[in-house]
Amino acid sequence: MMRAMTLHPAIVILTGAGISAESGIDTFRSGANGGPSLWEQHRVEDVATPEAFVRDPDLVLRFYDMRRAAIQTKEPNAAHRALARLEREWPGTVTVVTQNVDDLHERGGSHNVIHMHGEHLNAWCTTCDARPRWTGLLIDRPPCPACGARTLRPDVVWFGEIPYHLDRIQRALADAHLFVSIGTSGAVYPAAGFVRLARELGIATLELNLERSQGSAWFDETRLGPASEVVTQWVDQLLGR
């Protein structure tokens, strides 16, 4: 049974790599311009697991230093800005849950953003658990600003690690009336399971994607096209423009 709409319904939006691809950020599968991605140049097992960090920390740190530097040269696109406009103008709550580790949602103007896979522009001290903002290199083992230990690593969730803020995400979904998935493959859990949870809770569901995801059949509606186009059109429609 579909949940009854309130005067100011809450919206939860899940975003994935597809929303940032148009800003020139590589996805797992291909580079932003169709060429080989950083992930195709390195096996995931070699750069994105705790075991890889133990086995070859220099390789892992160089890889993430490169991505951290690249992200700071990119700019938000129309889809990021449209979601920020929705947050500003929608009378209810808009929560963006992102699988992306870039900061393009924030630079695009969104404030209520949950980074379930961490952030490239944070470091994590495994000694004192501090998570300082970090825009420079980690390869030289700089000291933690909080405790001085030289045990900083990228503050990103690697394969085999538990995503961040799952309780907060579940609470947001429990209060929502609409769940929207943007630019995701539907292949990575637990994010891929959010649409099923939304359906169980009676929440309306919408997929905005370049192509149908693996979980497309679970959505009430799917709209296909580049994120900069379909997200902007959807926000315009929702705000009555």
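# Working through a predicted fold

Of the 241 residues in the protein, 51% are buried. Keep in mind that this is a predicted model. Grab the structure and try the exercises below.

## Exercise 1: The whole protein

Work out whether the protein is compact for its length, using its radius of gyration.

**Solution.**
- Step 1: Start with the parts: ten helices and eight strands.
- Step 2: The radius of gyration is 18 Å, and the globule rule also gives 18 Å for 241 residues, so the protein is as compact as a globular protein of that length.
- Step 3: Now look at the extents. The C-alpha trace spans about 55 × 40 × 30 Å along its principal axes.
- Step 4: Check how the chain folds back on itself. Take the contacts with a separation of 6 or more: 65% of them are between residues 24 or more positions apart.
- Step 5: Finish with the outside. The accessible surface is about 11400 Å², and carbon and sulfur atoms account for 53% of that.

## Exercise 2: Laying out the sheet

Find the order of the strands in the six-stranded sheet, and say which strands sit at its edges.

**Solution.**
- Step 1: Reading across the open sheet, you get S3-S2-S1-S6-S7-S8, with parallel pairing.
- Step 2: An edge strand pairs on one side only, and that picks out S3 (113-115) and S8 (221-224).
- Step 3: On average, neighbouring strands in this sheet are turned by 20° against each other, ignoring direction.
- Step 4: Add a helix. H6 (residues 78-89) packs on the sheet and touches S1 (11-15), S2 (94-98) and S6. The direction of H6 makes about 165° with that of S1.

## Exercise 3: Strand S6 and its partners

Decide whether S6 is enclosed or open to the outside, and trace its bridges to the strands on either side.

**Solution.**
- Step 1: S1 and S6 pair in parallel over five bridges. Here Ile 11 stands opposite Leu 178.
- Step 2: Turn to S7 (residues 204-209): five bridges join it to S6 (residues 178-182), and the two run parallel. Leu 178 stands opposite Ala 204, while Val 180 has Leu 206 as its bridge partner.
- Step 3: Recall a general rule. Side chains in a regular strand alternate between the two faces of the sheet.
- Step 4: Apply that here. Leu 178, Val 180 and Ile 182 are on one side of S6, Phe 179 and Ser 181 on the other, and all are buried.
- Step 5: Five of the five residues of S6 are buried, so the strand is largely enclosed by the rest of the structure.

## Exercise 4: Checking a helix

Compare the expected span of helix H5 with the distance between its end C-alpha atoms.

**Solution.**
- Step 1: H5 covers residues 57-71, which is 15 residues.
- Step 2: The expected span is 1.5 Å times one less than the number of residues. For H5, that should be 21 Å.
- Step 3: The end C-alpha atoms are 21 Å apart, which agrees.
- Step 4: Now see who is tucked away. The buried residues of H5 are Val 60, Leu 61, Phe 63, Tyr 64, Asp 65, Arg 67, Arg 68 and Ile 71.

## Exercise 5: Two buried residues

Classify Ala 84 and Asn 122 as buried or exposed, then list what they touch.

**Solution.**
- Step 1: Ala 84 is in helix H6. Its relative accessible area is 0%, so Ala 84 is buried.
- Step 2: Leaving out residues up to four places away in sequence, Ala 84 touches Gly 108, Gly 109 and Ser 110. The C-alpha atoms of Ala 84 and Asn 112 are separated by 9.2 Å, with their positions 28 residues apart along the chain.
- Step 3: Asn 122 lies in strand S4 (residues 118-125). The cut-off for buried is under 20%, and Asn 122 has 12% relative accessibility, so it counts as buried.
- Step 4: With the same sequence neighbours left out, Asn 122 touches Arg 131, Pro 132, Arg 133, Trp 134, Pro 154 and Asp 155.

## Exercise 6: Backbone oddities

Find where the cis peptide bond is, and describe two non-glycine residues with positive phi.

**Solution.**
- Step 1: The cis bond joins Tyr 189 and Pro 190, with omega about 10°. Pro 190 lies in the loop between S6 and helix H9 (194-200).
- Step 2: Asp 129 has a phi of about 75°. Asp 129 sits in the loop between S4 and S5 (152-156), and is partly exposed at 47% relative accessibility.
- Step 3: Arg 141 has a phi near 55°. Arg 141 is in the loop between S4 and S5, and counts as partly exposed at 29%.

Terms used:
Residues are numbered from 1 along each chain as its sequence is written. This is a predicted model: local features need pLDDT of at least 70, side-chain atom pairs count only at pLDDT 80 or more; totals for chains, interfaces and linings use all residues. Side-chain values use heavy atoms; hydrogens and water are left out. Two strands pair if DSSP finds at least two bridges between them. Helices (H or I, at least four residues) and strands (E, at least two) are DSSP runs, numbered from the N terminus. Axes are lines fitted to C-alpha atoms, for helices over the stretch in contact, and angles run from 0 to 180 degrees between N-to-C directions. Contact means heavy atoms within 4.5 Å. Buried means under 20% relative accessible area, exposed over 50%, partly exposed in between (1.4 Å probe, protein chains only). The radius of gyration is taken over C-alpha atoms; the globule rule is 2.2 Å times the number of residues to the power 0.38. Accessible areas come from the Shrake-Rupley method with a 1.4 Å probe; for residues, only the protein chains shown count as cover.
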